[in-house]
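Me: I would like a close look at a single part of this model. Please take the DNA contacts, and keep the sentences short.

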There are 2 protein chains.
Amino acid sequence: MQNCTFGQIGHDGRVTVERVGAELVAVVTAVAAGRPVVLTADEGRHLPFGPLRTEHHSMQAGLHAWVEHQTGHRLGYVEQLYTFADPARATTGGRVVSISYLGLTNAVGDRPGKAWRDWYSFFPWEDQRHDRPGEGLVREAIEPRLGAWVGQGDGTAEREARRLRADVCFGLGERAWSPELVLQRYELLYEAGLIPESPMASADLVVPGEAMAGDHRRILSTGLARLRAKIQYHPVVFELMPESFTLGQLQATVEALAGQALHKQNFRRLVTQQELVEPTGETHGETGGRPARMYRFRRAVLDERQVAGTKLPRTR
Amino acid sequence: MQNCTFGQIGHDGRVTVERVGAELVAVVTAVAAGRPVVLTADEGRHLPFGPLRTEHHSMQAGLHAWVEHQTGHRLGYVEQLYTFADPARATTGGRVVSISYLGLTNAVGDRPGKAWRDWYSFFPWEDQRHDRPGEGLVREAIEPRLGAWVGQGDGTAEREARRLRADVCFGLGERAWSPELVLQRYELLYEAGLIPESPMASADLVVPGEAMAGDHRRILSTGLARLRAKIQYHPVVFELMPESFTLGQLQATVEALAGQALHKQNFRRLVTQQELVEPTGETHGETGGRPARMYRFRRAVLDERQVAGTKLPRTR
DNA sequence: ATCCTTATGCTTGTGTTGAGCATAGATACG
DNA sequence: CGTATCTATGCTCAACACAAGCATAAGGAT
């Protein structure tokens with residue numbers, strides 16, 4: 001008889017599987033007028049979530065159907081994020097497994113009880129588009145408080161480790177800011193007690209940014225991190241764009257996600273050179289400058305290559 | 001009252017969560033003497049799996065404890081792969097959610113009932129280390145059979161799409177072979193009926209490679225794909241290495257994972273230049289050539305940067 | 001007419017990467 | 001002992017990718 005389980009096996013050789021609750025959590029995002037937004041419920045306190053139901057053919061299908069019903073818009077892209085087994089609920093007998101998904105759509109349709117909220121109202125420090133080097137929330141509010149946390153470490157080695165971690169996460173000292181470290185930054189602030197959800201938090205030291213119930217802000221940060229990483233090697237940005245758009249709008253969308261300003265000329269070269277888009281022939285002249293050409297996404301690239309992304313040319 | 005579920009809510013406002021079975025599946029790999037191996041059970045028919053149990057503090061902890069108990073070796077690295085809701089079992093009332101993990105260790109210890117199997121006994125076409133261009137299993141067995149599958153498509157458009165997909169997955173025509181498309185290749189072969197697990201399979205057309213029970217070979221291919229992708233941007237290879245090693249051994253390990261031969265001088269330059277390793281001062285002269293210097297992994301890089309990988313310099 | 005704005009094209013310097021040549025230090029064999 | 005052979009290691013060079021900036025085009029506002 002096989003002996004291949006993590007736990008014990010019943011006498012008949014069949015595996016005894018504990019029954020747990022299963023729920024789906026969705027991080028649905030869109031970009032509207034240069035603002036990245038996420039679908040929330042309960043006045044922004046929750047991400048949309050709900051039980052996995054038997055009639056869902058697959059989990060992805062369930063999420064698709066549900067979001068399209070709720071928002072009236074097609075989900076262009078769905079990807080599984082992570083599965084959490086909430087330890088807090090494990091001991092109370094009713095263990096729950098949360099399976100989280102990232103979904104992208106290109107239009108925001110409102111429904112009662114749901115609201116699109118700006119990403120950066122939950123993570124204000126992640127938006128560095130308008131910060132000058134050496135200014136902004138990180139320098140003014142976060143760096144000094146993390147400095148205090150570093151100083152509270154036990155012993156030199158512990159303080160050194162804390163200093164290094166803070167520097168890497170927030171691009172302090174001579175280090176560069178890495179947009180995709182969203183989750184690591186959230187976890188660091190959590191451990192340092194600078195987040196309201198943290199058990200170690202003291203109200204007067206908390207960093208700006210709206211809290212969410214349970215671990216939903218943590219799940220949201222996982223979603224942002226994944227999306228920021230993904231746009232660098234897979235053309236998912238286009239799921240957030242309308243059918244036709246200007247390169248300026250495309251860049252504004254990428255900048256909204258990355259939280260960083262990009263070098264315009266290099267961004268254009270990258271996009272056009274990779275043949276990710278083709279001109280529609282029309283132009284767009286609403287901006288009070290030279291009218292921009294309109295483009296559409298060449299969906300064929302999704303078949304032609306498995307790797308093709310919107311890399312990020314650095315600053316400005 | 002909030003209205004934020006995928007399904008219905010009870011009268012008290014609490015969410016009714018369906019109870020499902022939860023099981024953990026492990027893809028545990030090591031590299032021994034240049035062969036990448038995976039831990040299997042039941043004569044290679046299964047990956048190790050078992051129920052999620054209440055006493056597991058977290059799922060990762062459960063996997064760690066379990067594998068260390070089974071193999072006697074420390075798991076250096078554990079990462080969640082994917083969560084599957086097996087649709088086949090959904091309708092029979094006993095829905096099961098499978099949460100799969102990738103684990104890496106640097107030593108193979110045997111226990112009764114478990115066996116380390118070569119990756120490439122399950123996916124022979126993924127090992128191209130010794131193939132010359134234009135030869136090997138892909139050219140001889142897979143390309144012609146996929147050609148037939150392409151020809152069976154309905155209409156020109158469908159045949160074109162099939163041709164494109166086959167070319168991208170297997171690097172046919174002028175396209176390059178992408179090591180990390182392991183899952184896509186498995187799925188293509190499955191759909192084309194060239195895999196024994198497939199319902200469309202005909203015994204005489206099946207491609208070489210051992211089958212596994214259920215979807216375990218699919219889960220395994222997910223693990224390989226993740227690992228091949230990960231070594232390019234994160235220094236996980238070192239979890240598979242002993243404490244000290246030569247650059248030649250390191251290269252052999254990476255080649256075993258990638259299934260491709262690498263350019264030796266460039267590989268060395270990449271590793272040393274990134275300061276991933278430091279010399280121990282000892283040398284190793286078992287190979288009948290100039291003795292190689294021994295190195296150890298600089299664990300500090302894991303803290304210093306979040307991004308640091310073993311990129312793959314191309315062929316030979 | 002002048003200035004401001006946005007869009008778009010082109011150039012230049014730097015760093016990364018693929019590929020190959022050359023040398024060093026050991027063993028095997030006549 | 002000399003030579004062939006093997007692996008390890010160091011170095012060079014050309015092609016390419018990328019960051020950064022300059023220059024020009026085409027519209028609106030005053």
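What share of the atoms of DNA strand C within 4 Å of the protein belongs to sugar or phosphate, and what share to bases?

Reply: This is a predicted model, so the values below are computed from predicted coordinates. Sugar or phosphate accounts for 53% of the atoms of DNA strand C within 4 Å of the protein. The rest of those atoms belong to bases.

Start with the residues around DNA strand C. There are 22 of them. A:Gln265, A:Arg268, A:Arg293, B:Gln265 and B:Arg290 come nearest. Both protein chains are therefore represented in that list. By class, the surface near DNA strand C has eight charged, nine polar and five nonpolar residues.

Now the individual polar contacts to DNA strand C. A:Gln265 places a polar side-chain atom 3.3 Å from a base oxygen of the strand. B:Arg269 also addresses a base: an N or O atom in its side chain is 3.1 Å from a base nitrogen of DNA strand C. With A:Arg293 the partner is a phosphate oxygen, and the protein atom is a polar backbone atom, at 2.8 Å. Three elements give two or more residues to this surface: helix H9 (264-273) and strand S9 (292-297) of chain A, and helix H9 (264-273) of chain B. H9(B) gives the most, with four residues.

Turn to DNA strand D. Here 25 residues lie around the strand. The nearest are A:Gln265, A:Asn266, B:Gln265, B:Arg268 and B:Arg293. Of the atoms of DNA strand D within 4 Å of the protein, 57% are sugar or phosphate atoms, and the rest are base atoms. The surface residues divide into nine charged, 10 polar and six nonpolar.

The polar contacts to DNA strand D can be taken one at a time. A:His263 has an N or O side-chain atom 3.1 Å from a base nitrogen. A:Asn266 brings a polar side-chain atom to 3.0 Å from a base nitrogen of DNA strand D. B:Lys264 goes to the backbone of the DNA: an N or O atom in its side chain is 3.1 Å from a phosphate oxygen. H9 of chain A, H9 of chain B and S9 of chain B each supply at least two residues of this surface.

S9 of chain B also belongs to a sheet. Three strands of chain B form an open, antiparallel sheet in the order S7-S9-S8. Strand S7 (244-246) and strand S8 (277-284) stand at the edges with a single partner strand each, so one side of each has no neighbour in the sheet. On average, neighbouring strands of this sheet are turned by 40 degrees against each other, direction ignored. S7(B) and S9(B) pair in the antiparallel sense over three bridges. Within that pair, B:Thr246 stands opposite B:Met294 of S9(B). Helix H8 (residues 247-258) of chain B packs on the sheet and touches S7, S8 and S9 of chain B. The direction of H8(B) makes about 85 degrees with that of S7(B).

For context, consider chain A as a whole. Its secondary structure comes to 10 helices and nine strands. Of its 316 residues, 50% count as buried. Among contacts in chain A with a separation of 6 or more, 63% come from residues 24 or more positions apart.

One more part of chain A shows local detail. Strand S1 (residues 19-32) and strand S2 (residues 35-41) of chain A pair in the antiparallel sense over four bridges. A:Thr29 has A:Val38 of S2(A) as its bridge partner. S2(A) is mostly covered, with six of its seven residues buried. The hairpin of S1(A) and S2(A) has two residues between the strands. A:Ala33 sits in that loop. Its phi is near 50 degrees, a positive value in a residue other than glycine. A:Ala33 is exposed, with a relative accessible area of 83%.

Chain B offers another positive phi. B:Glu43 has phi near 60 degrees, again in a residue other than glycine. B:Glu43 is found in the loop between strand S2 (35-41) and strand S3 (49-51) of chain B. B:Glu43 counts as exposed, at 67% relative accessibility.

Definitions and conventions
Residues are numbered from 1 along each chain as its sequence is written. Chains are lettered from A and ligands numbered from 1 in the order in which they are written. This is a predicted model: local features need pLDDT of at least 70, side-chain atom pairs count only at pLDDT 80 or more; totals for chains, interfaces and linings use all residues. Side-chain values use heavy atoms; hydrogens and water are left out. Buried means under 20% relative accessible area, exposed over 50%, partly exposed in between (1.4 Å probe, protein chains only). Two strands pair if DSSP finds at least two bridges between them. A residue is near a molecule or strand if one of its heavy atoms lies within 4 Å of it. A polar contact is a pair of N or O atoms within 3.5 Å; within protein, one must be able to donate a hydrogen and the other to accept it, and residues adjacent in sequence count only if both atoms are side-chain atoms. Ala, Val, Leu, Ile, Met, Phe, Trp, Tyr, Cys and Pro count as nonpolar, Asp, Glu, Lys and Arg as charged, and the others, Gly among them, as polar. Axes are lines fitted to C-alpha atoms, for helices over the stretch in contact, and angles run from 0 to 180 degrees between N-to-C directions. Contact means heavy atoms within 4.5 Å.
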